[in-house]
Protein chains: 2
Amino acid sequence: MPGAGRAAGVRRLRPQPSEEPPAQEDLLLAAAYVSDAQYNRNVPFETSPRAIRLYYFYNHWTMQVAIYFFICVDLSLALFEEPALFPLPFLATSIAEVLCLTAFFGRLVHFAKVTPQMVFWKDMKNICIMVTIVLTLIDLIIYGSLEAVNIHSVRWSRALRPVFLINFPESRQIRRTFRSIRNTLPDILYVFLLFMFSVLIFSLMALKLFGDRGLQTVEGLPYFTNILEIAFELYVLVTTANSPDVMMPAYNFNWWYSLYFITYIIINTYIFMSVFLAVVYNNYRKHLKNEIRKLAYLKRHKMIEAFNILKVKVGTEFVVTEARWKRLARIVMPHISSPHLELLLRISDEGQKGHVDKMNFLRLADLLNIQVVTINIKRHPLEEWMPRVYQSSASLLVQRMVRHRIFVWVYDVIILINAIFIALDEKNPFISYAEWLFLSLYIIEILLKLYTYEPRAYFGKKQFWNWFDTLIIMAALVATVANTTIQSARKYNSQQILDIVLILRILRLLRIIVSIQRFRLIVTTLINIGPTILTFGGLVLVVYYVFAIIGMEAFHGKIRFFDPNFTTPDALVCGNPALKDSAFARDRYCKNNFNDLASSLIVLMELTVVNQWHILAGGFALVTHQAAKLYFLSFHVVVVILIVNIFIAFILEAFFVAYSLEKSEIETAIEKKIQELGVGIQEEEMQDGKLVDNMDAKDSGFSGDDGDNKRKSLKGLYFRIASKKYRTVDALLQQMFESEIAPEDEGPSLDEILNFSPGDIYPKNPNFENSA
Amino acid sequence: MPGAGRAAGVRRLRPQPSEEPPAQEDLLLAAAYVSDAQYNRNVPFETSPRAIRLYYFYNHWTMQVAIYFFICVDLSLALFEEPALFPLPFLATSIAEVLCLTAFFGRLVHFAKVTPQMVFWKDMKNICIMVTIVLTLIDLIIYGSLEAVNIHSVRWSRALRPVFLINFPESRQIRRTFRSIRNTLPDILYVFLLFMFSVLIFSLMALKLFGDRGLQTVEGLPYFTNILEIAFELYVLVTTANSPDVMMPAYNFNWWYSLYFITYIIINTYIFMSVFLAVVYNNYRKHLKNEIRKLAYLKRHKMIEAFNILKVKVGTEFVVTEARWKRLARIVMPHISSPHLELLLRISDEGQKGHVDKMNFLRLADLLNIQVVTINIKRHPLEEWMPRVYQSSASLLVQRMVRHRIFVWVYDVIILINAIFIALDEKNPFISYAEWLFLSLYIIEILLKLYTYEPRAYFGKKQFWNWFDTLIIMAALVATVANTTIQSARKYNSQQILDIVLILRILRLLRIIVSIQRFRLIVTTLINIGPTILTFGGLVLVVYYVFAIIGMEAFHGKIRFFDPNFTTPDALVCGNPALKDSAFARDRYCKNNFNDLASSLIVLMELTVVNQWHILAGGFALVTHQAAKLYFLSFHVVVVILIVNIFIAFILEAFFVAYSLEKSEIETAIEKKIQELGVGIQEEEMQDGKLVDNMDAKDSGFSGDDGDNKRKSLKGLYFRIASKKYRTVDALLQQMFESEIAPEDEGPSLDEILNFSPGDIYPKNPNFENSA
């Protein structure tokens, strides 16, 4: 073994300021070095205790929470600055902002201390943050001094605030999506140019065909006489927002002209928009596959390295002895139970030859990653406290009843009846009493289940639906009680609490989904991709924030909202005479304005949904300038053409992975072994398991009350493979790719792996592994 | 060889009533039997000469044209029947219909004669056609007799007419898409139910949250008080057609309520609609892959069979001798040139050992499929007629000029200037003179190119852009001359001709696309998928036709269109007082009605684009019954959720294939060989080729005037691989899958291949191979 490689392995052992737990293969490689006997003689730790303390401190959760707190404060300042939802004086917000900037700077200095200088300055993220801090300070000073002499200027640096959210190492996912967008840009640009060319050609045609006809729109305006207006109208038609209105004057004139619009829609709306999705999706997939490929090869590489450290020649082949293998596994997973370790060994050492060969060793990281649930035949607490009562025939009958599938069906029927009652008028006193009946029925259900199933298993980490049930019912109980108390005390309903009660009451109906197997599959996939959807939430927040700040600077105060009961002429034109007779005022869109952050975000949401966006754009163009339409056009291009398509691409990919990967190979191998070794759940018991399954409790250990001899003989330990339902898309993709690498394939060299693309998955600086 | 297999091979030799040319591998297998010496002794032809004549007659192009003609007549009868665009008496249309039915029946009888009875009656298609003929006759008789006693009834059988279009063997592609839809249905159904459940849950919430607030819509109607109306409004919101209007009353009341709508849109519009696309796309891909896999394995299977017939043992391995191989190739491709055959042999017989081994033999079908263009150094006709003039220095200068890339650039600039002139007002006489100048410039360009390049090559089969150019310019010339003649004769412009001139003039600008390489790539992919998009056209036509017939029966005459200049109260409510104050009348949608086939199809197109569909649905519900909305809802589900998504899936897949498959393996092998053998286009010539390439003439043979010794020495024959640009998606996919089959993989057994799915790609009846 060359010394350099070993040193790298050792460096990886150092405490790492990384937000993610290190991967199984990293631990294995490090453990291989540790368990290697020769290693103990020369420990090449180069770091001082103080540096290690700094690392730990940088990585401490309080520091991370603090930085997120400051990012939130910084972003939410827009709520308090002019135009404000809750106005605060400029002095207060600027002091808060300076505080935030100080915190960001402090974090950066801290980071610089724990990172080699070279690495720190090479990282664009750090430069970005510093430049943004400086720019914000400059802007603050200029704005403050101008404000002091009563000149109103623009707080442009506010649009830069999301930079802090993007560039801190903790928001890796958002950065990844941004990188994905950046990679897509060149490809999308050409399609976009071609698309714009097509729109222009059609605009020219429209000008020539309809310009001289003297046609009029519904509003009595001239129809298709100005090339720029035509181009805008046709762009809007691509988004379908003004269909069929834009066609009607020409169609009314002569029905042959509808062919022009049909051609336009087929080419630009259907074909070009699909091509945009294709380009975005293709890039998304390419990018994803590259990252996954890198990870898979890196893992293989590390496992081979670990094997090479531990290998011993037995006969003609190199193997790892059982003793070494066990020591290694114990180092990596200190809390592993002996039976679990024994199981893994029996799977790895197929021939029971006392050693593990290379192919099986390479699978070790995957084996350790698989969550084999050791089913402890834990007794129900009640059984321990009062075994007589719990084991009495009446109690057993109750338990059998609850486990029976009829119990589930009965409650499904109850939910349906409940739905009908909700739809009926709740003014009727009988119905409001029924509500109490339903609430108590649901509470009884939960109590019965807790009586039957082991409570710790029932509230297991991944028992989504059990948690959902209990929380909804408890919240409904609290809210209903609170509402009744207020009602009886003050003789009127509290509107907010009543709203909450209503929503909770209806959310309970969602439980019916769980009873239908096919529904559960779809919902599980949706829950799986939940975390990544949140990443998109972050991405959308960043883009929305920037556009909201720009929108507020450009449009605030131009359009005002009056109470709907106001019917003064001023209220009808949203406080701006320029809107007289406009579609904007006619549709009563006055509340869609940029007068504060919340309103701005809602307007942007409406623009994302696309419909009527041309009316919004037209309204703001009327009160400012026609050029304002550019703001709306660019929002459409960025959000609808890029981000929404990436979102769709992501959901498509997630569903494809979920459809195509039912069981990975390795897990099947383990399952077979578990069955062979006779320590798995038997068929007859699976029946029982299915019932629990109906409540989505597949990976709970549940206490079986029917004592089984074989079970007891194995010290109450059983194995089951944890449910795959909650795996992430990334993990699934990695498995898909790994199954494509042949077992004997050692992959390309480390350098080649690293140069798969200029990404930063494998760090030059091992401290920030996986933090890119 | 077992006799049965041989007989099957022979049967395949029989003339086949199939609309497609037989695949290369079928020919090869048949040829293998023919070239097998033993074969000639016992020819097991079981068919009589009369049967063969019947086959040929059935398959004759006139018969196919006739049947398509009758289908067109049958479908277009809807234009002449009540409610008619061009009314004809019932007697006339019914006679026409009976004629069509007779023709269809005759075709069916003919088909039955050339098909074994068992096969004929097992085929659902034939049963379908017969049932439809009978039903149509019954309907005609009932309707006719009721009409005779002046009772108006419904011509329901008209909705069945597309059955003829779908079920005749010639419309295989449409059937395939329908099969794809049918396969998708179960999966989509569950997602749809879950989606409807979600819409209902949200409707309940909306009823409880907003129902009692006494809110009003812009029209002053009560807001969200009826659960069915809420469900409809929320379904419309999923299509985004009533966003943000549906939200405004609640949002105006309290901005917190916007959160309800945002949640709804995220879940139902973004997530569920993406899931629909994912399900449709996933099924589309699965289905496609299965068909492709079948085809690929079948091909492999047939090639192995052919090899087994021809093989001879040489040394330790079985091979096919050179003589046999050549005879086989000659049978399959009688018109192959000797140098081309030599080239193929040299590629197949890598070691020049005088025989072809199994692996190379299996590739033969692919080799023959690759269009190797033999470049005949044909002389320019002018060069042959007057070599002196054509080879004079002035002529050579012109030719060099035309070949130069500056020539292309100059014309790009001319096009741009032309675009500016078109945008300007053509009333100015100077500009209308300029139009003549541009026209003559374009004509000169074409003449110059014809002078420089070999005309037959310039108008090659796949020279899309050359054809496009010439046709556009010629049409513009004719139309402009016609217009000027009419103008000078009658002193006014003919509107129709002027419109055509204008459109042609603008279409010329499209040529600029060809000059930009990246644009060309996208456009080429789009042109490639053109034929399949036409298939979708057929599918859409079928669905539109059925919905149009139903719509005409339900809604015709309820809404009338008056000339826009009419402002009588009747005209403002589309001739129906029920529409008073409705959004339908306010937006002047009166021409969107079901009063004839053309109008109906345009309304359906508008519904496909989705925007404002709730206003259209609302209008028709007002003039008939609220249940009419079901018609529009079902149209949305069928067309937008199913068909549009399949269309998007298809475009996505086509682009992925185009992106991922740049060059297939076999072609690279041939290219290498061509280079090795020194018969390929040299680098220096490629430069020249690129210039032609700029006009997309890559696969044209072009006459090089710079004599090359090496070239001449090879009898004026050169090879180039034909452009892959015009390949179909199916062919690309098949190649992708084949590259995944290992060369030594013989694939599953024939029975297994056939049972990949219950599809009908491989026929039990060899007569209708590939006709499913």
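Start by selecting A:Arg155 and A:Glu97: they form a salt bridge (a side-chain nitrogen of Lys or Arg within 4 Å of a carboxyl oxygen of Asp or Glu), and the closest N and O atoms of this pair are 3.2 Å apart. A:Arg155 sits in the loop between helix 7 and helix 8 of chain A while A:Glu97 is in helix 5, so the pair ties together parts that are 58 residues apart in sequence. Helices here are DSSP runs of H or I with at least four residues, strands are runs of E with at least two, and both are numbered from the N terminus.

Before moving on, a word on what you have open: it is a predicted model, where local features need pLDDT of at least 70 and side-chain atom pairs count only at pLDDT 80 or more, while totals for chains, interfaces and linings use all residues. Residues are numbered from 1 along each chain as its sequence is written, chains are lettered from A and ligands numbered from 1 in the order in which they are written, and side-chain values use heavy atoms, with hydrogens and water left out.

**Next stop: A:Glu81**

Keep A:Arg155 selected and add A:Glu81. These two also form a salt bridge, with the closest N and O atoms 3.7 Å apart. The pair links distant parts of the chain, 74 residues apart: A:Glu81 lies in the loop between helix 4 (61-76) and helix 5 (90-113), and A:Arg155 in the loop between helix 7 (124-148) and helix 8 (162-167).

Are these residues buried or exposed? A:Arg155 is buried, with a relative accessible area of 5%, and A:Glu81 counts as buried at 6%. (Buried means under 20% relative accessible area, exposed over 50%, and partly exposed in between, with a 1.4 Å probe and protein chains only.) A:Glu97 is buried too, like A:Arg155.

Now add A:Arg158. Its salt bridge with A:Glu81 has its closest N and O atoms 2.7 Å apart. That pair spans 77 residues, with A:Arg158 in the loop between helix 7 and helix 8. Want to see the whole group? Select A:Asp74, A:Glu81, A:Glu97, A:Asp139, A:Arg155, A:Arg158, A:Arg161 and A:Glu553, which are linked in a network of salt bridges.

**Zoom out to chain A**

Colour chain A by secondary structure and you'll be looking at 37 helices and 5 strands. Of its 772 residues, 52% are buried.

**Into the core**

Pick A:Phe210, A:Phe261, B:Phe210 and B:Phe261. Of the 313 residues in the largest nonpolar core, these touch the most other members. (A nonpolar core is a set of buried Ala, Val, Leu, Ile, Met, Phe, Trp, Tyr and Cys residues joined through side-chain atoms within 4.5 Å.) Which residues does A:Phe261 contact, leaving aside its neighbours within four places in sequence? Among them are A:Phe210, A:Tyr223, A:Leu237 and A:Met247, where contact means heavy atoms within 4.5 Å.

**Where the chains meet**

Show both chains: 90 residues of chain A are in contact with 90 residues of chain B. You'll find 0 salt bridges between chain A and chain B.

For a last click, try B:Ser599, in helix 30 (residues 597-609) of chain B. B:Ser599 is buried, with a relative accessible area of 11%. Leaving aside its neighbours within four places in sequence, B:Ser599 is in contact with A:Tyr251 and B:Asn593.
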